[in-house]
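Student: I would like to learn how to read a protein model feature by feature. Could you walk me through one?

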Amino acid sequence: MELKNSNKTESFLQKIAKTFVRRKQDWSIGIYTGESPFKLSSPENIQNPVLTAKDVTDITAKFVADPFMVYENGTWYMFFEVLNDVNNRGEIGLATSNNGFNWNYQQIVIKENFHLSYPYVFKVKDEYYMIPESYEANSVRLYKAVEFPTQWTLVKTLLEGDNYVDSSIFNFDEKWWIFTTSPQGNTLHLYYADELMGNWIQHPQIPLIEENLNTSRPGGRVLVWNGKIFRYTQDVEGNYGNQVRAYEITNLTTTNYQEKAIVDNPIIKASGYGWNKMGMHNIDPHQLDNGKWIACVDGYQIVFVFGMAQHKQVKNMTKANARK
């Protein structure tokens, strides 16, 4: 009898704990440096993370993630997802830095009535463009900076009619290419076009990868370097946002595609402690004038939230992570 009562008491306490205490993924952004785009780590001269939800000043943010950056006239500009705590919708935020290590949050620069994330920013001649993830709008949407870096306008829908996630664009061999994946992150698709705003064509080999949660989902900027192409990919098997691998594309034409894994995989992964204790899932590397590399990355740790008011927020967080 005493054992049964003890079990009932334990069960009751567990139910209370589950009601008032919840776990959530707390994403933030860091800076890594290294000798190559495949050997990067947290530098000793800064304290990561460099940006968190607490740095966002114009809205109440749940987290920041998916960073991409560009360098222009002596200033680094970083664009990233800010998850709005009020509507549980991703918006695109901006931060700036004069050295790549110390960052100042500026403002939200793009928001829509649907979720945005993965703000893949790139330059064509003297103009800046961005294709933030907008899978809720069933499209890949191209934005152009009408007043860089704060004012952007939609100029064209490049792809539509499917759920395109974490689309990654690059130029190679006088053509434009886009990698993209399904919401499940288990298939890799490829499209190409002669012009950025031209007619986009489905590659005949798609899906390039199928039923593979380790290698399908894009995880950062596609790197064209020394005449070679490298793509980063998220490992989302088991848990969302585990680590990032790199692959060299050895054959890319309008009819053929081949790739091979980089020897040093994974490129970035969970540190086991602190801000990126549990995992990392995005990287954007840039080569400096001295030949070394700097990259913006993201990572997460598990934090506990308390109280009934947090119950709904944690559920919404889980949904938002699933659709990033």
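Tutor: We will go from the overall picture to sheets, then to aromatic rings, and finish with two single residues. Keep in mind that this is a predicted model.

Student: What does the secondary structure of the protein chain come to?

Tutor: The protein chain has two helices and 23 strands. Buried residues account for 52% of its 324 residues. The exposed surface of the chain is about 15,200 Å², and carbon and sulfur atoms supply 45% of that area. Contacts add another view: among those between residues at least 6 apart in sequence, 52% join residues at least 24 apart.

Student: With that many strands, I should learn to read a sheet. How do I start?

Tutor: Start with the general idea: strands of a sheet pair through backbone hydrogen bonds, either parallel or antiparallel. Then look for the order of the strands. Here, four strands form an open sheet in the order S3-S4-S5-S6, with antiparallel pairing. S3 and S6 are the edge strands, each pairing on one side only. From one strand to the next, the twist averages 30 degrees.

Student: Over how many bridges do S5 and S6 pair?

Tutor: Strand S5, residues 90-97, pairs with S6 over five bridges in the antiparallel sense. To find the register by eye, look for Leu94, whose bridge partner in S6 is Gln107.

Student: Which strands stand at the edges of the open sheet S7-S8-S9-S10?

Tutor: First, the sheet itself: its four strands run in the order S7-S8-S9-S10, and the pairing is antiparallel. S7 and S10 stand at the edges with a single partner strand each, so one side of each has no neighbour in the sheet. Ignoring direction, neighbouring strands of this sheet are turned by 25 degrees against each other on average. Within it, eight bridges join S9 to S10, an antiparallel pair. Lys144 stands opposite Thr153 in S10.

Student: And what joins S19 to S20?

Tutor: A hairpin does, through four residues. Strand S19 covers residues 243-252 and strand S20 covers residues 257-261; the two pair in the antiparallel sense over five bridges. Asn251 stands opposite Gln258 in S20.

Student: Let's move to the rings. How do I read an aromatic pair?

Tutor: Ask how far apart the ring centres lie and how the planes are turned. Centres within 6.5 Å make a pair; planes under 30 degrees apart count as stacked, and over 60 as edge-to-face. By this rule the count comes to 24 aromatic pairs. In one of them, the rings of Phe68 and Tyr118 have centres 4.9 Å apart and planes at 80 degrees, so this pair is edge-to-face. It links distant parts of the chain: Phe68 is in strand S3 and Tyr118 in strand S7, 50 residues apart. Both Phe68 and Tyr118 are buried.

Student: How are the rings of Tyr128 and Phe148 arranged, stacked or edge-to-face?

Tutor: They are stacked, at 4.2 Å centre to centre with 20 degrees between the planes. This pair too links distant parts of the chain, with Tyr128 in strand S8 and Phe148 in the loop between strand S9 and strand S10, 20 residues apart. Tyr128 is buried at 7% relative accessible area, whereas Phe148 counts as partly exposed at 23% relative accessibility.

Student: Which residues form one aromatic cluster with Phe68 and Tyr118?

Tutor: Tyr120, Phe122, Tyr129 and Trp176 belong to that cluster with them. Look also for charges over rings. Arg221 lies over the face of Tyr120, at 5.2 Å from the ring centre. The charged end of Arg231 sits over the ring of Phe179, 5.8 Å from its centre.

Student: Finally, how do I read a single residue? Is Val109 buried or exposed?

Tutor: Check its place, its accessibility and its contacts. Val109 lies in strand S6 and counts as buried, at 11% relative accessibility. Its C-alpha atom is separated by 5.7 Å from that of Gly93, 16 residues away along the chain. Leaving out residues up to four places away in sequence, Val109 touches Phe79, Ile92, Leu94, Pro149, Thr150 and Trp152.

Student: Where is Thr215?

Tutor: Thr215 is in the loop between strand S15 and strand S16. This loop residue is buried, with a relative accessible area of 11%. Beyond four places away in sequence, its contacts include Arg231 and Tyr247.

Terms used: Residues are numbered from 1 along each chain as its sequence is written. This is a predicted model: local features need pLDDT of at least 70, side-chain atom pairs count only at pLDDT 80 or more; totals for chains, interfaces and linings use all residues. Side-chain values use heavy atoms; hydrogens and water are left out. Rings of Phe, Tyr and Trp (its six-membered ring) pair if their centres lie within 6.5 Å; planes under 30 degrees apart count as stacked, over 60 as edge-to-face and the rest as tilted. Buried means under 20% relative accessible area, exposed over 50%, partly exposed in between (1.4 Å probe, protein chains only). A charge sits over a ring if NZ of Lys or CZ of Arg is within 6 Å of the ring centre and within 35 degrees of the ring normal. Contact means heavy atoms within 4.5 Å. Accessible areas come from the Shrake-Rupley method with a 1.4 Å probe; for residues, only the protein chains shown count as cover. Two strands pair if DSSP finds at least two bridges between them. Axes are lines fitted to C-alpha atoms, for helices over the stretch in contact, and angles run from 0 to 180 degrees between N-to-C directions.
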